Amino acid sequence: MTLGTQLNSLRPPSEEKLYLLPEQQDTRSLFGRMRKLTPGIVAGAADLDPAAVLTATVAGASFGYSIGWVVLLAIPVVWAVFSVSARIGHNSNRGMVELIRRTYGRTAGWGMATAMISVNMAMIVADLIAVSDAASLILRQPRAFFLPIIAFAVWYLLVLGDYRRSSRALVWFAVFQLAYVVAAVMAVQSWPALLKGLFYPHLSLNSAYVIGIIAVFGSLLTPDVLVWQTSSRRDRKRAGGGFHSSESKAGTLMAVGISLSVIVAASALHVLDPAHMSTLQAANALGPLGAMAPIIFSLGIIGSGLIALPILVASMCFSIAEAANWHAGLSVPAWEARPFYILISACIIVAAIVDFGHINPVTVLYCSQVIAGFLVVPVLGFILLLGNDARLCGRKNTLSENLWLGGAVAGMVAANLVFLWTMI
């Protein structure tokens, strides 16, 4: 028996937990295990931002159950992408665009950063409107009253506040999105019809249906979340955080589960032109919940929007900073990364000014997800290549990760080609 074993045997039971590391004490409790999943839940909630919710609403109202198979097919893809992109950031200690610039040159880095600007700015503009619309539904005040308040809140979280700590509180607002699960169950009139629609869907090669496929897939794999998954790991690693595969599972289950529920609930909507529906019409997807539907819808949109908007802004600014080789990071003091924080402030100000125009958030968000569906092809391609570089990531992707990532790239290329063919 070693001296350490003898000492342990003499230690009183009540003192045993005092000799555990803080991390061990934390993860042994239920709260500790849930807290460990927070980064994954935040990523899933950000992936389920107002853009994803309203895109799934439009798709469900337009095509019913026959578009739900896209979400089912995306489950292993989202899981693989979340896991690989997080591992790349954690092990390389670099952001996505920085890795692309260092590995494939400045042109590739700036090309990716420029593409991120086009998608993210559209989503930032529309998400700000969607959150402001949701607040106006609850408080019965004009949307313009809430725009500067929401914009300032996002700026404060990124520049002066602690977004990582705040996101742990804000993520509970996204729990209101679980109301879609209840609404979906209540909206189903025939379970055999639902199963048939999901597993034996009526496929169409018309441009509207192909756009719906691209939009739904793009909403589940928005490039901003993938860039955030990689770039934010650098800040988290500096703070002593680790990487857990369970985070990817939690984020995947949350994103795809709610997305499918929104599609099923929205299939009961009767709107003449779903692509141009208003926020209030979108709230009717929760109609089975009665008079509380608009309030629950609004709280869910506000919660997911306040999680997603900082990620949208930060991921775009990360992309530009990494392409320009600036010092950047949310854990870096503002005076040490002035261009990065000035860029954040300018982005929010521009988006807020644009939002005072007459813009339909549902239309802009749906279009932004279509653009994201096109952009996700090169992003997935880079993740596939970088994930197989053992020097950067510690190990190469597993066979299943390569199959799902490669299959997603091939599938989206095929969908984009079919779309272009239908438009000719």
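This text walks through the salt bridges and the aromatic pairs of one predicted model.

A first way into the structure is through its charged side chains, among which the count comes to six salt bridges. One of these joins Arg87 and Glu401, whose side chains meet with a distance of 3.6 Å from N to O. The two partners belong to distant parts of the chain, since Arg87 sits in helix 6 (residues 69–92) and Glu401 in helix 21 (residues 399–423), 314 residues apart. Both Arg87 and Glu401 are buried.

Glu401 has a further partner in Arg395, and the side chains of this second salt bridge meet at 3.8 Å from N to O. Here the surroundings of the two residues can be set side by side: Glu401 has a relative accessible area of 9% and is therefore buried, whereas Arg395, at 36% relative accessibility, counts as partly exposed. Taken together, Arg87, Arg395 and Glu401 are linked in a network of salt bridges.

Another salt bridge is formed by Arg94 and Glu98, where the closest N and O atoms are 3.0 Å apart. Arg94 counts as partly exposed because its relative accessibility is 29%, while Glu98, with a relative accessibility of 9%, counts as buried.

The aromatic side chains offer a second way in, and for them the count comes to seven aromatic pairs. Phe63 and Tyr209 make one of these pairs, with an edge-to-face arrangement in which the ring centres are 5.3 Å apart and the planes stand at 90°. Because Phe63 lies in helix 5 (residues 50–63) and Tyr209 in helix 13 (residues 207–220), this pair ties together parts of the chain that are 146 residues apart in sequence. Phe63, at 22% relative accessibility, counts as partly exposed, whereas Tyr209 is buried, with a relative accessible area of 2%.

A tilted aromatic pair is formed by Tyr104 and Phe382, with 5.4 Å from centre to centre and 45° between the planes. This pair, too, links distant parts of the chain, as Tyr104 is in helix 7 (residues 96–104) and Phe382 in helix 19 (residues 361–387), 278 residues apart. Tyr104 has a relative accessibility of 38% and so counts as partly exposed, while Phe382, at 16%, falls under the 20% limit and therefore counts as buried.

Aromatic residues also come together in a group, for Phe152, Trp155 and Tyr156 form one aromatic cluster.

Notes. Residues are numbered from 1 along each chain as its sequence is written. This is a predicted model: local features need pLDDT of at least 70, side-chain atom pairs count only at pLDDT 80 or more; totals for chains, interfaces and linings use all residues. Side-chain values use heavy atoms; hydrogens and water are left out. A salt bridge is a side-chain nitrogen of Lys or Arg within 4 Å of a carboxyl oxygen of Asp or Glu. Helices (H or I, at least four residues) and strands (E, at least two) are DSSP runs, numbered from the N terminus. Buried means under 20% relative accessible area, exposed over 50%, partly exposed in between (1.4 Å probe, protein chains only). Rings of Phe, Tyr and Trp (its six-membered ring) pair if their centres lie within 6.5 Å; planes under 30 degrees apart count as stacked, over 60 as edge-to-face and the rest as tilted.
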